[in-house]
Amino acid sequence: MQNLRTDDWIKIGINTLVGFLSLILQNIIPIGGGGISLIFVLTIPFTIGVSLIASIIYLFSKPGLFREIVIYTAIGINLLVTFAMYPYE
């Protein structure tokens with residue numbers, strides 16, 4: 001693990017926050033009932049898992065382009081999955 005700067009910790013924090021975005025939206029936007037809420041149950045572990053894996057890769061990889069690509073790709077995937085698969089009522 002390298003010496004991390006403040007902006008590195010901010011990127012990891014944003015990535016983690018985006019991973020938990022579905023849980024935050026649950027309190028703001030109502031979830032559809034019935035079978036549609038199954039999508040909600042499946043997307044939460046996926047987004048949290050992508051967020052944690054990307055954060056671990058970011059922590060233990062050398063500073064460079066690969067590290068930035070990993071963190072920004074994870075943020076993009078999490079945002080896409082969260083807003084595309086959120087079970088709106």
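**Notes on a four-helix model**

1. Along the sequence, the protein reads α-α-α-α. That makes four helices and zero strands. Please keep in mind as you go through these points that this is a predicted model.

2. A few overall figures to start with. Taken along the principal axes, the C-alpha atoms fill a box of roughly 45 × 20 × 15 Å. The protein has 89 residues, and 37% of them count as buried. If you look at contacts between residues at least 6 apart in sequence, 80% of them join residues at least 24 apart.

3. How do helix 1 and helix 3 cross? Helix 1 covers residues 6-19 and helix 3 covers residues 37-60; their axes come within 8 Å and cross at roughly 165°. An angle over 145 degrees counts as roughly antiparallel, so that is how helix 1 and helix 3 are placed relative to each other. The crossing of helix 1 past helix 3 is left-handed.

4. Which residues make this contact? From helix 1 come D8, W9, K11, I12, N15, T16 and G19, while helix 3 brings T47, I48, S51, A54, S55, Y58 and L59. Sorted by class, the residues of the contact are six nonpolar, six polar and two charged. You may like to have this mix in mind when looking at the two residues in the next points.

5. S51 is a good one to click on. This residue sits in helix 3, and its relative accessibility is 2%, so S51 counts as buried. Beyond its neighbours within four places in sequence, S51 is in contact with N15, T16, G19 and N78. Of these partners, N15, T16 and G19 belong to the helix 1 side of the contact described above.

6. K11 is the other. It is placed in helix 1. Is K11 buried or exposed? With a relative accessible area of 16%, K11 is buried, because the cut-off for buried is under 20%. Leaving out neighbours within four places in sequence, the contacts of K11 are Y58, E68, I71 and Y72. Y58 is also one of the helix 3 residues in the contact with helix 1, and helix 4 spans residues 65-85.

7. Helix 2 packs on helix 3 as well. Here the angle is about 140° and the axes are 9 Å apart. The residues involved are S22, L23 and Q26 on helix 2, with F40, T43 and I44 on helix 3. By class, this contact of helix 2 with helix 3 holds three nonpolar, three polar and no charged residues.

8. Which residues make up the largest nonpolar core? There are six in all: L21, L25, F40, I44, I48 and Y86. Helix 2 (21-28) and helix 3 each supply at least two residues of this core, and helix 3 gives the most, with three. F40 and I44 also appear in the contact of helix 3 with helix 2, and I48 appears in the contact of helix 3 with helix 1.

9. Still on that core, L21 is worth a look. Setting aside its neighbours within four places in sequence, L21 is in contact with L79, T82 and F83. There is also a second, separate core of five residues, including L4, Y58, L59 and I71. Y58 and I71, as it happens, are both contacts of K11.

10. I36 is found in the loop between helix 2 and helix 3. Its relative accessible area is 35%, so I36 is partly exposed. Although I36 and P87 are 51 residues apart in sequence, their C-alpha atoms are 5.9 Å apart in space. Apart from neighbours within four places in sequence, I36 is in contact with P87 and Y88.

11. Finally, two glycines. G13 lies in helix 1 and is partly exposed, with a relative accessible area of 37%. From G13 to Y86, 73 residues away in sequence, the C-alpha to C-alpha distance is 22 Å. G64 is in the loop between helix 3 and helix 4, and at 35% relative accessibility G64 counts as partly exposed. The C-alpha atoms of G64 and I12 are separated by 15 Å, with their positions 52 residues apart along the chain.

Technical notes:
Residues are numbered from 1 along each chain as its sequence is written. This is a predicted model: local features need pLDDT of at least 70, side-chain atom pairs count only at pLDDT 80 or more; totals for chains, interfaces and linings use all residues. Side-chain values use heavy atoms; hydrogens and water are left out. Axes are lines fitted to C-alpha atoms, for helices over the stretch in contact, and angles run from 0 to 180 degrees between N-to-C directions. Angles under 35 degrees count as roughly parallel, over 145 as roughly antiparallel, 65 to 115 as roughly perpendicular and the rest as oblique. A crossing is left-handed if the near helix is turned anticlockwise from the far one by less than a right angle, and right-handed if clockwise. Contact means heavy atoms within 4.5 Å. Ala, Val, Leu, Ile, Met, Phe, Trp, Tyr, Cys and Pro count as nonpolar, Asp, Glu, Lys and Arg as charged, and the others, Gly among them, as polar. A nonpolar core is a set of buried Ala, Val, Leu, Ile, Met, Phe, Trp, Tyr and Cys residues joined through side-chain atoms within 4.5 Å. Buried means under 20% relative accessible area, exposed over 50%, partly exposed in between (1.4 Å probe, protein chains only).
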